[in-house]
Amino acid sequence: MPPKRVAIITSSTRTPRLNPTITKYVHDALDTDPTIPTRKATSQNQTPDTDPRHIILSIIDLQAQSLPLYDESVIPAGLPPADPTPHYSKAHTRAWSAVVREYDAFIFVTPQYNWSIPASLKNALDYLYYEWKGKPAAIVSYGSRGGGKAADHLKGVLSGLRMRVVGTTVGLPVKFTGLPVGDHEGEELVEIDERDLKGWKDAGVERMLRNMGMELVCELDKDL
Ligand SMILES: Cc1cc2nc3c(=O)[nH]c(=O)nc-3n(C[C@H](O)[C@H](O)[C@H](O)COP(=O)(O)O)c2cc1C
């Protein structure tokens with residue numbers, strides 16, 4: 001069996017935004033943590049990693065999916081569970097379904113917008129059902145106080161989708177990291193302010209991310 005595929009989801013879609021920077025921080029923290037069994041790059045001559053207890057981390061950016069505001073005419077939970085994809089009425093839903101079906105577990109990285117998650121994330125979740133159902137999920141939130149209210153709302157939504165949400169949720173307080181000002185045609189990654197990084201380190205965020213990652217891996221192992 002191949003390694004399990006874990007998608008880290010960038011949830012906000014405006015430009016500029018902080019979400020790609022926070023997503024990269026989460027990705028790199030997990031990918032470089034020696035206790036998380038991420039698949040290591042193999043050279044051309046080596047046999048490919050086929051250990052199903054290993055994970056491959058990828059990033060899905062909802063901005064790149066360009067989903068319109070929900071316009072699907074069928075109800076996702078009413079479709080054939082084993083193969084819902086061809087039954088959607090819209091090409092963009094079929095494309096999104098095919099993307100999500102590629103993954104075994106998800107880490108949602110979300111900002112807090114007015115005490116909840118951004119509409120872009122709720123919209124992307126609502127489009128599908130069986131593609132999410134039963135899969136392990138983890139939550140990383142951020143906001144001036146860590147985005148805990150967004151995390152709580154998201155946990156409720158993911159539970160409604162019957163996802164297996166792991167116990168450790170990580171909240172990242174963002175007090176000093178600022179977005180670039182001015183006109184931004186393309187998007188540039190924002191550096192995380194050293195004072196925020198230190199605050200996270202002092203609060204044990206690296207250990208919390210490790211716990212969250214290991215809980216996700218344990219959930220995936222239950223499927224073997
Ligand atoms: C519409 C909107 C609502 C927000 N509401 C909150 C909030 O309730 N609590 C909070 O801590 N920050 C809030 N913020 C600040 C965001 O957490 C901060 O701007 C963050 O950078 C947003 O993520 P993004 O840049 O990836 O969109 C809000 C920002 C926006 C744009």
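For sorting residues by class, Ala, Val, Leu, Ile, Met, Phe, Trp, Tyr, Cys and Pro are taken as nonpolar, Asp, Glu, Lys and Arg as charged, and the others, Gly among them, as polar. The structure used in these exercises is a predicted model.

**Exercise 1. The ligand and its surroundings**

Describe the shell of residues around the ligand by class, and then work inward to the individual polar pairs and the buried area.

*Solution.* Begin with the class count: the shell holds five nonpolar, six polar and two charged residues. Next, pick out the residues that come nearest, which among the 13 around the ligand are Ser12, Arg14, Tyr113, Asn114 and Tyr142. One of these, Tyr142, has a side-chain N or O atom 2.6 Å from an oxygen atom of the ligand. The backbone also takes part, since a polar backbone atom of Leu18 lies 2.7 Å from a ligand oxygen, and a polar backbone atom of Asn19 lies 3.0 Å from a ligand oxygen. Finally, turn to the area: the ligand taken alone exposes 610 Å², and 72% of that is buried by the protein.

**Exercise 2. Backbone geometry in the loops**

Locate the cis peptide bond and examine the positive phi values at Asn114 and Arg162.

*Solution.* The cis peptide bond is the one that joins Thr15 and Pro16, with omega at about -10°. Pro16 belongs to the loop that runs between strand 1 (4-10) and helix 1 (19-31). Asn114, although it is not a glycine, has a positive phi of about 45°, and its place is the loop between strand 3 (105-111) and helix 4 (119-126). To classify its exposure, apply the cut-off of over 50%: with a relative accessible area of 78% in the protein chains only, Asn114 is therefore exposed. Arg162, likewise a residue other than glycine, has a positive phi near 60°, and sits in the loop between helix 5 (148-160) and strand 5 (164-165).

**Exercise 3. Two residues in helices**

Decide whether Thr23 is buried or exposed, and do likewise for Ala119, buried or exposed.

*Solution.* Thr23 is found in helix 1. Its relative accessibility is 1%, and because buried means under 20%, Thr23 counts as buried. Leaving aside residues up to four places away in sequence, Thr23 touches Ile8, Thr10, Ile59 and Val109. Ala119, by contrast, lies in helix 4 and at 58% relative accessibility counts as exposed. Its C-alpha atom is separated by 8.3 Å from that of Ser12, although the two residues are 107 residues apart along the chain.

**Exercise 4. The fold as a whole**

Set out the order of the secondary structure elements, and then assess how compact the protein is for its length.

*Solution.* The protein has seven helices and six strands, which run from the N terminus in the order β-α-β-α-α-β-α-β-α-β-β-α-α. For 224 residues the globule rule gives a radius of gyration of 17 Å, and the protein has 18 Å, which is close to that value, so the protein is as compact as a globular protein of that length. Along the principal axes, the C-alpha atoms fill a box of roughly 50 × 45 × 35 Å. Of the 224 residues, 46% count as buried, while the accessible surface comes to about 11300 Å², with 53% of it belonging to carbon and sulfur atoms. As a last step, consider the contacts between residues at least 6 apart in sequence, of which 79% join residues at least 24 apart.

Definitions and conventions: Residues are numbered from 1 along each chain as its sequence is written. This is a predicted model: local features need pLDDT of at least 70, side-chain atom pairs count only at pLDDT 80 or more; totals for chains, interfaces and linings use all residues. Side-chain values use heavy atoms; hydrogens and water are left out. A residue is near a molecule or strand if one of its heavy atoms lies within 4 Å of it. A polar contact is a pair of N or O atoms within 3.5 Å; within protein, one must be able to donate a hydrogen and the other to accept it, and residues adjacent in sequence count only if both atoms are side-chain atoms. Accessible areas come from the Shrake-Rupley method with a 1.4 Å probe; for residues, only the protein chains shown count as cover. Helices (H or I, at least four residues) and strands (E, at least two) are DSSP runs, numbered from the N terminus. Buried means under 20% relative accessible area, exposed over 50%, partly exposed in between (1.4 Å probe, protein chains only). The radius of gyration is taken over C-alpha atoms; the globule rule is 2.2 Å times the number of residues to the power 0.38. Contact means heavy atoms within 4.5 Å.
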